[in-house]
Amino acid sequence: MHSEWRRTARANEKKEVRGVDIQEFLSRLHVESHNSKTGGYICRCPACDGSDANLMVNCKPSKYGGAPLIVFQCHAGCSAADVLNAMGLTAQDLRNRADK
């Protein structure tokens, strides 16, 4: 009986689907510079302990005509999951963007 209640409670949970665009993504970071030629941003990585600008962020067009993709890489070696976690985001937040 108790496990049936848990399944019902989980099925009735509403998950917030926020979606994050490039401007909101960048607003959660300390942006050091912007390269107008490539459109990329050099930011301080929120997952790193140092104050060096190791995080490269860019926005690429989708192959399938959908919303642009946010791509990022920490050159100090932080994983994408660690960076997103430090920003209070998940990979799902990046996928749940509305096409604009």
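**Exercise 1. The aromatic pair**

Task: Start from Phe 25. State whether Phe 25 is buried or exposed, then find its aromatic partner and describe the pair.

Solution.
Step 1. Phe 25 has a relative accessible area of 0%, so this residue is buried. The model is a predicted one.
Step 2. The aromatic pair count comes to one. That pair is Phe 25 with Phe 72.
Step 3. The ring centres lie 5.4 Å apart, and the planes meet at 40 degrees. Planes between 30 and 60 degrees apart count as tilted, and this pair is tilted.
Step 4. Place the two rings. Phe 25 sits in helix α2, Phe 72 in strand β4, and 47 residues separate them, so the pair links distant parts of the chain.
Step 5. Check the partner. Phe 72 has a relative accessible area of 19%. The cut-off for buried is under 20%, so Phe 72 is buried.

**Exercise 2. The fold in outline**

Task: List the helices and strands in order, then lay out the sheet.

Solution.
Step 1. The chain contains four helices and four strands. Along the sequence they follow α-α-β-β-β-β-α-α.
Step 2. The four strands make an open sheet, ordered β1-β2-β3-β4, with antiparallel pairing.
Step 3. Find the edges. β1 (30-34) and β4 (69-74) each have a single partner strand, so one side of each lacks a neighbour in the sheet.
Step 4. Add the twist. From one strand to the next it averages 30 degrees.

**Exercise 3. Strand pairing in register**

Task: Walk across the sheet and name bridge partners at each step.

Solution.
Step 1. β1 to β2: four bridges join these antiparallel strands. Val 31 stands opposite Cys 43.
Step 2. Look at the connection. β1 and β2 form a hairpin with six residues between them. In the turn, Gly 39 has a positive phi of about 80 degrees.
Step 3. β2 to β3: three bridges, again antiparallel. Cys 43 stands opposite Leu 55, and Ile 42 has Met 56 as its bridge partner.
Step 4. β3 (residues 55-60) to β4: six bridges, antiparallel. Leu 55 is partnered by Cys 74, and Asn 58 by Val 71.
Step 5. Trace one path across the sheet. Val 31 faces Cys 43, Cys 43 faces Leu 55, and Leu 55 faces Cys 74.

**Exercise 4. Two faces of β2**

Task: Sort the side chains of β2 by the face they point to.

Solution.
Step 1. Recall the rule. In a regular strand, side chains alternate between the two faces of the sheet.
Step 2. Apply it. Tyr 41 and Cys 43 point to one face and are buried. Ile 42 and Arg 44 point to the other face and are not buried.
Step 3. Confirm with a value. Cys 43 has 0% relative accessibility, so Cys 43 counts as buried.

**Exercise 5. The nonpolar core**

Task: Identify the residues with the most contacts inside the largest nonpolar core, and the elements that supply the core.

Solution.
Step 1. The largest core has 19 residues. Phe 25, Leu 29, Leu 55, Val 57 and Phe 72 have the most contacts inside it.
Step 2. α2 (22-27), β2 (41-44), β3, β4 and α3 (80-87) each give at least two residues to this core.
Step 3. Take Val 57 as an example. Beyond its neighbours within four places in sequence, Val 57 touches residues including Phe 25, Leu 29, Tyr 41, Cys 43 and Phe 72.
Step 4. Set this against the whole chain. Of its 100 residues, 25% count as buried. Among contacts with a separation of 6 or more, 41% join residues 24 or more positions apart.

**Exercise 6. Cysteines without disulfides**

Task: Explain why Cys 43 has no disulfide, then check Cys 48.

Solution.
Step 1. The structure has zero disulfides.
Step 2. The closest cysteine sulfur to that of Cys 43 belongs to Cys 45, 9.5 Å away, which is too far for a bond.
Step 3. For Cys 48, the nearest cysteine sulfur is that of Cys 78, at 3.3 Å. The cut-off is within 2.5 Å, and Cys 48 is in no disulfide.
Step 4. Add exposure. At 18% relative accessibility, Cys 48 counts as buried.

**Exercise 7. A loop residue**

Task: Where does Ser 51 lie, and is Ser 51 buried or exposed?

Solution.
Step 1. Ser 51 is in the loop between β2 and β3.
Step 2. Its relative accessible area is 52%, so Ser 51 is exposed.
Step 3. Ser 51 and His 30 are 21 residues apart in sequence. Their C-alpha atoms are 9.9 Å apart in space.

Key:
Residues are numbered from 1 along each chain as its sequence is written. This is a predicted model: local features need pLDDT of at least 70, side-chain atom pairs count only at pLDDT 80 or more; totals for chains, interfaces and linings use all residues. Side-chain values use heavy atoms; hydrogens and water are left out. Buried means under 20% relative accessible area, exposed over 50%, partly exposed in between (1.4 Å probe, protein chains only). Two strands pair if DSSP finds at least two bridges between them. Axes are lines fitted to C-alpha atoms, for helices over the stretch in contact, and angles run from 0 to 180 degrees between N-to-C directions. A nonpolar core is a set of buried Ala, Val, Leu, Ile, Met, Phe, Trp, Tyr and Cys residues joined through side-chain atoms within 4.5 Å. Contact means heavy atoms within 4.5 Å. Rings of Phe, Tyr and Trp (its six-membered ring) pair if their centres lie within 6.5 Å; planes under 30 degrees apart count as stacked, over 60 as edge-to-face and the rest as tilted.
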